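Q: I would like to learn how the features of a structural model are read, one at a time. Could we go through them slowly, with the general idea ahead of the case?

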Amino acid sequence: MKRQLVVVGNGMAGVACVEQILKQSHDFEITIFGDETHANYNRILLSLVLAGEKSPDDIVINDIEWYQTHDIRTRLGVKITGINREKRVVIDEHGGETEYDKLILATGSSAFIPPIPGVDKKNVHVFRTLDDTRALLEKARPGLKTAVIGGGLLGLEAARGLQVRGCEVTVVHLMETLMERQLDATGGEYLKRKIESLGIRVMLPQQTAALFGNGRVDGLRFASGEELEADLVVIAAGIRPNAELGRNAGLEVRRGIVVNDYMATSDPHIFAVGECTEHRGQTFGLVAPLFDQGRVLASAITGNGGPAFTGASPAAKLKIMGVDIFSAGSIDESEPGVETVRYEDPALGTYKKLLVKDNRLQGMILVGDIEDEHVYMEWMRSGTDLTPHRRQILFPPRDADPGREVADMPDSETVCGCNGVRKGDIIQAIHAHGITTLAGVKEGTRASTSCGSCTGLCEKLLRAVTPDFQEETRTTLCSCVPFSYEQLRDIIRGQKLKSVEEVLSVYGNRKGCEVCKPALSYLLDMVWCGDHDEDRSARFINDRVHANIQKDGTFSVVPRMRGGVTTPDELRRIADVADKYRVPMVKVTGSQRIDLLGIKKADLPKVWADLGMLSGQAYTKGVRMVKTCVGTEFCRFGVQDSTRAGIELERRLENLFTPHKFKMGVVGCPRNCAEATVKDLGMVGQEGSWQIVVGGAAGKSVRKADLLITVETTEQALEASDLFFQYYRENANYLERSYDFVERVGIEKIRKETVYAPEADKKKLLDRLARSKEMAKDAWLERETPAHPTQFVQIQPMEAQRS
Amino acid sequence: MNTRGWTPITKIENIALREGRAVKVGDTEIAIFRLDHRYLTIENKCPHKGGPLCDGIVSGTTVVCPLHGQRFDLETGMPVLASQPGCVAIFPTRVEEGVIFVDLGSASKGQEEVAA
């Protein structure tokens, strides 16, 4: 008969331990009790759920099917209230008894609620479980005054999550600096600056004396007498082991349930694992040691023997995108014999401090640059003699041999701390499943599916182990914000950044330059479909005054003429403007439009008003024009109404911005008089159909456009054009013309993700285009409502006077 | 050469944050920039091809000429790249009661003081 194994606690530590047991033995009939009603989820990712980066489903580790597959009885939502060690049964809240041969306590920990008057008021929450997270999500709304009590890991992550939801967040912390258990004062100061630059207020040191309000909380009163208004309060003041069950059963309990090196409690039939335990005087709150404990426990309980748990050196990483904080080992520099090596760069927000004793690394604080975390952890783990590394200790050289770092890691080293995946697990999965991509590693091992900070390492592993690994090439925007376009799009979207200054202050050097500022302006406009905080100082002069700067500092003005079609009335107004402002040159452009050159900045608003026409966007990276032929309306060869279709196409897309200028052409027959096949997007009329062609060029390079699709009706042709247009907007790098984009991505992939995409995906593209279009307006209307009082004005000096 | 000393130019709100504005005073055209709470003034003419520096993108304390990307430090008037020819004159600037004053008589260029 199988032996009965009962696990109290359905959290990460308990279930991870059960997973290990299943790998080693099938002698047990397993029952898991969980007082939460959810399947096992990854608690450390709750902050990402709060921030909206993950859904509750994304953080499930073992779904119900997993329990069924392994014949595990689950009793969710059932609280165990007692243990009868004599009878070897656990007793649930309803009085039910369940027998065990072996019992594992994995009861975790609870939020510590400090004894402050008023913590029982409404809208005072803790942040510990999925239900807590859901409750917070229900309350969070833009503008809500929110106070987070506690400036540790959890408090900061909660603060960021709520702030991303629009709350006005203040972090209140008892100590002089943030995360004082993991950082020194300097590191804490760097962290504070980063957190503040995200738009979160930080108050320290500030002791909360009471929460006030009538029934529901209205604010905090501090020991200093100051007050802070708050309609929502989150307490993240630390955790306490849930040791009551053990204590009441008479097990040895101090702060946590005391376990030996094999995770056994004072009763040989009862084991404990995770945050409820105390081992050699240490309690636990971070995930990595829990996995180690689980492995040790599994070996012990199955009788396989194995390594002992000898404790864990603390290691903590803050999971706020763009705020890279890592701390590990002992950071006490007052210890005799400890030398500290440091580096800081305030402009980059980088601070590194290494603590060395007897030429061995024993602790580290990394802020802003945690790239070398794994090298340092390995040095610390293996007790490497640092003598040969001392000269480069702060910047360990990136090996010319990219596989070296991976080769240096033992198989037992944890690669993904969130999911407890070791190097050996990944290599095994790569071979077992023939994995060649990062996506495969994620699917096969769950590594890199959580906070993502081990993605680089997983890629290195793949490169080293898989012969046919194809690396994604990424272009970094610029040294001011050293991220790829893909990453920046994710960052802007995920972190809900709305302005260039925000991106630069959190992810960049706070300065920006003429390369990255316009690029970021574009990305923000595209990601938020025009609903972002426009910053004109981040834009090139042409986009500040909506005209094209010329070599003498004057500007050229090109009004929009949809499809190249104009009227006598428009031509008369153009002529009048040319006379009135003594325009030095009036020129017909290659795009079937008229250019007025040599206009002074101060005259621009008047010129636009006199013209009474729309901006032709000839000055910007945006929709330039649609060039057309006369088509069926007049041409004896025309087979499609190209002017009407061209005018409609231009109307649909005008006033929008694109990664680079975007020119279009529509022709009524394959004679191609308006050169549609060398435009970014062309519609070529055929008898009874339209060909949509994309990625053509007749500029610095000449390229014939690729056929995207052939469709029957004009409406279908316009929709296919919209799809490609929005796809290019969302996926091209800034300053990447469509012809480079099409070559880089490949027309087949573009077809699959636009015209051949599932209807739902097409609709999403079109919806985003529609949203952008709704926000877009004729830039020349700023003649009436300028973005700044002196946007176009030539400032006259005040009356000169000597002072 | 401008013989004027401290001259009231314009109210601070007329200069947009992290942008420049050109002002012509007598024969001198200056570009006033606003960086957070500081105002800096340089000559509004790029030594390369005469570009209007007031229209350039500001990067930290430098400005990039909109015509060909020459870059100058607003505090010193020096080009950022040593290979770049020429520097621009800088003018002492201060704010009093919301008005920007520029000392037009104390332009300095490179290392030498331009005599008033």
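Q: Which share of the contacts in chain A between residues at least 6 apart in sequence joins residues at least 24 apart?

A: This kind of figure is read chain by chain, with the caution that the model is predicted. In chain A, 62% of the contacts between residues at least 6 apart in sequence join residues at least 24 apart, while in chain B residues 24 or more positions apart account for 38% of the contacts with a separation of 6 or more.

Q: How many helices and strands does each chain have?

A: Secondary structure is read as a list of elements along the chain. Chain A has 25 helices and 43 strands, and its C-alpha trace spans about 100 × 75 × 60 Å along the principal axes. Chain B has zero helices and twelve strands, so defined that helices and strands are DSSP runs; from the N terminus on, its elements run β-β-β-β-β-β-β-β-β-β-β-β.

Q: What part of each chain is buried, and what surface is left accessible?

A: Burial is a count of residues, whereas accessible surface is an area, and the two are best read side by side. Of the 803 residues in chain A, 54% are buried, and the chain exposes about 35,200 Å², with carbon and sulfur atoms supplying 48% of it. Of the 116 residues in chain B, 55% are buried, and the accessible surface of this chain comes to about 5,100 Å², of which 49% belongs to carbon and sulfur atoms.

Q: What is the area buried between chain B and chain A, and which residues of chain B supply the most of its part?

A: The size of an interface is often given as the accessible area lost when the parts come together. Here the area buried between chain B and chain A is about 2,700 Å², and carbon and sulfur atoms give 55% of that area. Arg18(B), Asp55(B) and Ile57(B) supply 24% of the area that chain B buries against chain A, which is more than any other three residues. Counted by contact, 34 residues of chain B meet 34 residues of chain A.

Q: How many salt bridges and polar contacts are found between the two chains, and which elements of chain B take part in the interface?

A: Charged pairs and polar pairs are counted by separate rules, and the touching side is then described by element and by residue class. The count between chain B and chain A is four salt bridges; one of them, taken as an example, joins Arg71(B) to Glu514(A), with the closest N and O atoms 2.6 Å apart. Across the interface, 15 residue pairs are in polar contact, both residues being at pLDDT 80 or more. The elements that give two or more residues to the side of chain B touching chain A are β1 (6-11), β2 (20-25) and β5 (57-59) of chain B, and β1(B) gives the most, with six residues. By class, this side of chain B has 17 nonpolar, seven polar and ten charged residues.

Q: Where do the backbone angles of Asp71(A) and Asp36(B), and the peptide bond between Leu204(A) and Pro205(A), deserve a look?

A: Backbone angles are read together with the place of the residue in the chain. Phi of Asp71(A) is near 55 degrees, a positive value in a residue other than glycine, and Asp71(A) lies in the loop between α3 (64-69) and β5 (73-76) of chain A. Because its relative accessibility is 64%, Asp71(A) counts as exposed. Asp36(B), also not a glycine, has a positive phi of about 45 degrees and sits in the loop between β3 (28-35) and β4 (38-43) of chain B. Leu204(A) and Pro205(A) are joined by a cis peptide bond with omega about -15 degrees, and Pro205(A) is found in the loop between β14 (201-203) and β15 (208-212) of chain A.

Key:
Residues numbered from 1 in each chain as written. Chains lettered and ligands numbered in written order. Predicted model: local features only at pLDDT ≥ 70, side-chain atom pairs only at ≥ 80, totals over all residues. Heavy atoms only, no water. Contact = heavy atoms within 4.5 Å. Buried area = accessible area lost by both parts, 1.4 Å probe. Salt bridge = Lys/Arg side-chain N within 4 Å of Asp/Glu carboxyl O. Polar contact = N/O pair within 3.5 Å; in protein donor to acceptor, adjacent residues only side chain to side chain. Helix = DSSP H or I, 4+ residues; strand = E, 2+ residues; numbered from the N terminus. Nonpolar A, V, L, I, M, F, W, Y, C, P; charged D, E, K, R; others polar. Buried < 20%, exposed > 50% of the residue type's maximum accessible area, 1.4 Å probe, protein only. Areas by Shrake-Rupley, 256 points an atom, 1.4 Å probe, with all protein chains shown as cover.
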